[in-house]
Amino acid sequence: MSEIKLAHVTVDCSGNAAELAGFYAQLLGREVDPGASPYFATAGRTAGLRPVLMFIQVPDRTPGKNSVHLDLHTEDLPAAVEKATGLGAKHVGDFDEYGATWTTMQDPEGNLFDIGKS
C-alpha cells in the first residue's frame, strides 16, 4: 500500500476565493499562486510548499459538510494575533486548556482558525 500524504487544505468560500487566499498567504508568509480568481485560488503550490492551501468559491455551503479550520503555531502568540487582526481577522477568544495555549480568530469571511503557542 502506498503512503497517504496531505496535499491540500481546502476552504469553501462564500465570497472571493482570491481575496481569502491573499489573507492566509499574507498571514503565513506565502504567495498566492498565479491564476487566482474570485472562484479558485491556491497558495504554496508554485513554491512547492505542503500542504497547499486551496480556496474554492461555492454558492452555498453544503449542510452537514465538515467545516475546516486551520491550527497555526507560533513562538510569539501576541504578535501573531496582532498580525492577523491587522490583516482583517477578528479576535474570538483566548484559551489555556489541556496544557495548550491558543487564540481563536475569525478570518475576513468568518471562518474560525486557531493560533497556538508552540
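**Exercise 1. Determine how strand β6 is joined to β7, and in which sense the two strands run.**

Solution. Strand β6 (residues 100-106) is joined to β7 by 5 bridges, and the two run antiparallel. Two strands count as paired if DSSP finds at least two bridges between them. One residue pair in this ladder is tryptophan 102 with its bridge partner in β7, glycine 116. The two strands form a hairpin with 5 residues between them, and glycine 110 in the turn has a positive phi of about 95 degrees. On the β4 side, β7 pairs with β4 in the parallel sense over 4 bridges. There, leucine 72 has isoleucine 115 of β7 as its bridge partner.

The model is predicted: local features need pLDDT of at least 70, side-chain atom pairs count only at pLDDT 80 or more, and totals for chains, interfaces and linings use all residues. Residues are numbered from 1 along each chain as its sequence is written, and side-chain values use heavy atoms, with hydrogens and water left out.

**Exercise 2. State the order of helices and strands along the protein chain.**

Solution. Helices (H or I, at least four residues) and strands (E, at least two) are DSSP runs, numbered from the N terminus. The protein chain has 2 helices and 7 strands. Their order along the sequence is β-α-β-β-β-α-β-β-β.

**Exercise 3. Describe helix α1, from its start to the residue that follows it.**

Solution. Begin with the length: α1 (residues 17-28) has 12 residues and reaches 16 Å from its first C-alpha to its last. This is close to the expected 16 Å, where the expected span is 1.5 Å times one less than the number of residues.

At the start of α1, a side-chain oxygen of asparagine 16 comes to within 2.9 Å of the backbone nitrogen of alanine 18. After the helix comes glycine 29, with a positive phi near 70 degrees.

Next, take burial (buried is under 20% relative accessible area, exposed over 50%, partly exposed in between; 1.4 Å probe, protein chains only). The buried residues of α1 are Ala17, Leu20, Ala21, Gly22, Phe23, Tyr24, Ala25 and Leu27. They pack against β1 (8-13), β2 (40-43), β3 (52-57), β4 (71-74), α2 (77-86) and β7 (112-117).

**Exercise 4. Count the aromatic pairs and classify two of them.**

Solution. Rings of Phe, Tyr and Trp (its six-membered ring) pair if their centres lie within 6.5 Å; planes under 30 degrees apart are stacked, over 60 edge-to-face, and the rest tilted. By this rule there are 5 aromatic pairs. For tyrosine 24 and phenylalanine 113, the ring centres are 5.6 Å apart and the planes stand at 70 degrees, so the pair is edge-to-face. Tyrosine 24 lies in helix α1 and phenylalanine 113 in strand β7, so the pair ties together parts that are 89 residues apart in sequence. Both residues, tyrosine 24 and phenylalanine 113, are buried. For phenylalanine 95 and tryptophan 102, the centres are 5.3 Å apart and the planes stand at 20 degrees, so the pair is stacked. Phenylalanine 95 is partly exposed, with a relative accessible area of 31%. Finally, Phe23, Tyr24, Phe55 and Phe113 form one aromatic cluster.

**Exercise 5. Place glutamate 31 and list what it touches.**

Solution. Glutamate 31 is found in the loop between α1 and β2. Its relative accessibility of 64% makes glutamate 31 exposed. Contact means heavy atoms within 4.5 Å. Not counting residues up to four places away in sequence, glutamate 31 touches Ala25, Thr42, Ala43 and Gly44.

Terms used:
Polar contact = N/O pair within 3.5 Å; in protein donor to acceptor, adjacent residues only side chain to side chain.
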